[in-house]
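Trainee: I would like to take a close look at a single part of this structure and understand how its charged side chains are arranged. Could you take me through that part slowly, and then show me how other parts of the chain compare with it in setting?

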Amino acid sequence: MSLSTQYLGLTLKNPMIASASPLNSKVDNLRHLEDAGAAAIVLPSLFQEQIEAETENQISRVEAFANSSPEALSYFPAAANGPYGMYPERYLDLVRRGKESVDIPIIASLNGSSRAGWVEHAKLMEQAGASALELNMYQVSTNLLETGRDIEAHYRDIVQAVCGSVGLPVSVKLTPYLSAIGNFATTLVGHGAKGLVLFNRLMEPDIDLLLMKMTDTLEFSDAAELRLPLLWTAILAGRIKASLAISTGVRTVDDVVKALLAGADAVMTTSALLRDGIGYMSTLTKGLHQWMEVREIASLKDVRGMMSWQRSRDRSVYTRANYLRILEHYSASPEDKFPWPRLD
Ligand SMILES: Cc1cc2nc3c(=O)[nH]c(=O)nc-3n(C[C@H](O)[C@H](O)[C@H](O)COP(=O)(O)O)c2cc1C
C-alpha cells in the first residue's frame, strides 16, 4: 500500500505534515516528529517584526560605532526576540540544523504583512537548506478606506516578488476572509505559488469582563473548524495547478481521511500535537494506514478528491442550497433542540 503523495513538487512518504508551531522550533522535536511518521515539517514562522527589529538593531550598532568608542557596542541588546525567540540568524541556524538532523523536507515560514524583508530572507532560507517556503500574510485591515482589491494586490505582489527570487517551491497560507477565495487562489498560482494552505487560523482577541480589557489568550482549534478548509479544498481540488494542504481542525484519523477525500495533497496538524504530544503523529499516520488497509485501498490516489466539487454529482452541497438544507433539517423538529419552553 502506498501513502505517498506529491506536495509542492516534493515526494512525501505520507500526507501528514506538522504545521508551524513552537513545537517545531527544537531540533530534538523535529527528530521525534520524523520518528512518529511526519512526512514534512513546517518550522514556526520568522516574523516580519523580528526582521525589522534586527535591521534597526544593526543600524543602531553602525551609528554607535561611527560616533563613539567600540566599547559602546556592547551596550546594545540583541534584536527583539518576538515569538519563539527567533530572530533571523537563529532562525537560519534552525533551518540548517533541522536539515542536517532529519531526512524529511523542512519547510521554512515567513510571516508578515508589509513587503519589507521577504525576498532577502526567502533567499537566506533557501541557502540555509529549506526544501520549501510557506508565506503567511496576516493582516487585520482597520483602515476603512482600504479595499479588498488593495489588500489582494499587495499580497499578490509579495508572492510574485518572493516566487521570482527563489528556486524553492513556495506555498501561501491563505486567510479564509476573502470574498472570492477561488479567484484569489488562481491569481496567486498565476503569480508563482506552487501550493496553498487552507487556511491560516487567525487569533482574535477576546474581552475579559472582570478586568474590562481585551485579552490575548490562545485557544486550540476544535473539530467544527475543519469544515471551512474542507469546503474550499473540495471546491479547488483538481481545478487549480497547485498543491493543496488543509490546516485547521485536523484532530483525528477521520479528519485526515476527510481532508484527503475533499482533495488535499497534504494534511497539516498543530493543535492536536500540542494537546496530545508529538507521539500523536504516529496515531494519525498508523490510523490512516489502517483505514486504507481494512478497505483494501492500495493508494492515496484512490481516495484523494473523491468528494471534491469536480467529481461530485450533486454540486449543490457546496453552495447556498446546502445552507438552506442544514437550516431546514434543524427547524424540522424544534422541540428536540430547545431546552426552554416554546413561547407560541
Ligand atoms: C501555539 C501556536 C503557534 C503557531 N505559530 C504559527 C507560526 O509561527 N506560523 C504560522 O504560520 N502558523 C502558526 N500557527 C498556526 C498553525 O500552524 C495552524 O495553522 C493552526 O493552529 C491551525 O491548525 P490546527 O487546527 O491543527 O491547530 C500556530 C498555532 C499555534 C496553536
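Mentor: What follows starts with the salt bridges of one helix and then moves to other places in the chain.

Please keep in mind that this is a predicted model. The count of salt bridges comes to nine, and a good place to begin is helix 3, which covers residues 88-101. There, Asp93 forms a salt bridge with Arg96, with the closest N and O atoms 3.9 Å apart, and these two residues lie three places apart in the helix, about one turn. Asp93 also meets the side chain of Arg97 in a salt bridge, at 3.1 Å from N to O. Because Arg97 and Asp93 are four residues apart in helix 3, about one helical turn separates them. The general reason for such spacing is that an α-helix has 3.6 residues a turn, so residues three or four places apart point the same way.

As for their surroundings, Asp93 is partly exposed because its relative accessible area is 30%, which lies between the limits of 20% and 50%. Arg96 counts as partly exposed at 32%, and Arg97 counts as partly exposed at 38%.

A salt bridge of another kind of setting joins the side chains of Lys173 and Glu134, at 3.9 Å from N to O. This pair links distant parts of the chain, since Lys173 lies in strand 8 and Glu134 in strand 7, 39 residues apart. Lys173 is buried, with a relative accessible area of 9%, and Glu134 is buried too, at 1%. Returning to the helix, salt bridges that share partners join Glu89, Asp93, Arg96 and Arg97 into one network.

Strands 7 and 8 come up again when we turn to helix 5, because the buried residues of that helix pack against helix 4 (118-128), strand 7 (132-137), strand 8 (170-174) and helix 6 (181-190). Among these buried residues are Ile151, Tyr155, Ile158 and Val162. The helix has 18 residues, 148-165, which at 1.5 Å a residue should span 26 Å, and its end C-alpha atoms are indeed 26 Å apart.

Polar side chains also make contacts in the loops. Asn14 sits in the loop between strand 2 (10-12) and strand 3 (16-18), and it counts as buried because its relative accessibility is 5%. Its side chain reaches the backbone nitrogen of Met16 at 2.7 Å and the backbone oxygen of Gly37 at 2.8 Å. Leaving aside neighbours within four places in sequence, the residues in contact with Asn14 include Leu3, Ala39 and Thr285. Ser19, in the loop between strand 3 and helix 1 (27-35), is likewise buried, at 3% relative accessibility. The side chain of Ser19 makes a polar contact with the side chain of Thr270, at 2.5 Å, and among its other contacts beyond four places in sequence are Val42, Ser247 and Met268.

Finally, the surface has a nonpolar patch formed by Met203, Leu218, Phe220 and Leu274, with about 370 Å² of accessible area together. Of these, Leu274 lies in helix 9 (residues 271-276), and it counts as partly exposed because its relative accessibility is 33%.

How values were computed
Residues numbered from 1 in each chain as written. Predicted model: local features only at pLDDT ≥ 70, side-chain atom pairs only at ≥ 80, totals over all residues. Heavy atoms only, no water. Patch = residues over 30% accessible without salt bridge, like charges linked within 9 Å, V, L, I, M, F, W, Y side chains within 5 Å. Areas by Shrake-Rupley, 256 points an atom, 1.4 Å probe, with all protein chains shown as cover. Salt bridge = Lys/Arg side-chain N within 4 Å of Asp/Glu carboxyl O. Buried < 20%, exposed > 50% of the residue type's maximum accessible area, 1.4 Å probe, protein only. Contact = heavy atoms within 4.5 Å. Polar contact = N/O pair within 3.5 Å; in protein donor to acceptor, adjacent residues only side chain to side chain. Expected span 1.5 Å × (residues − 1).
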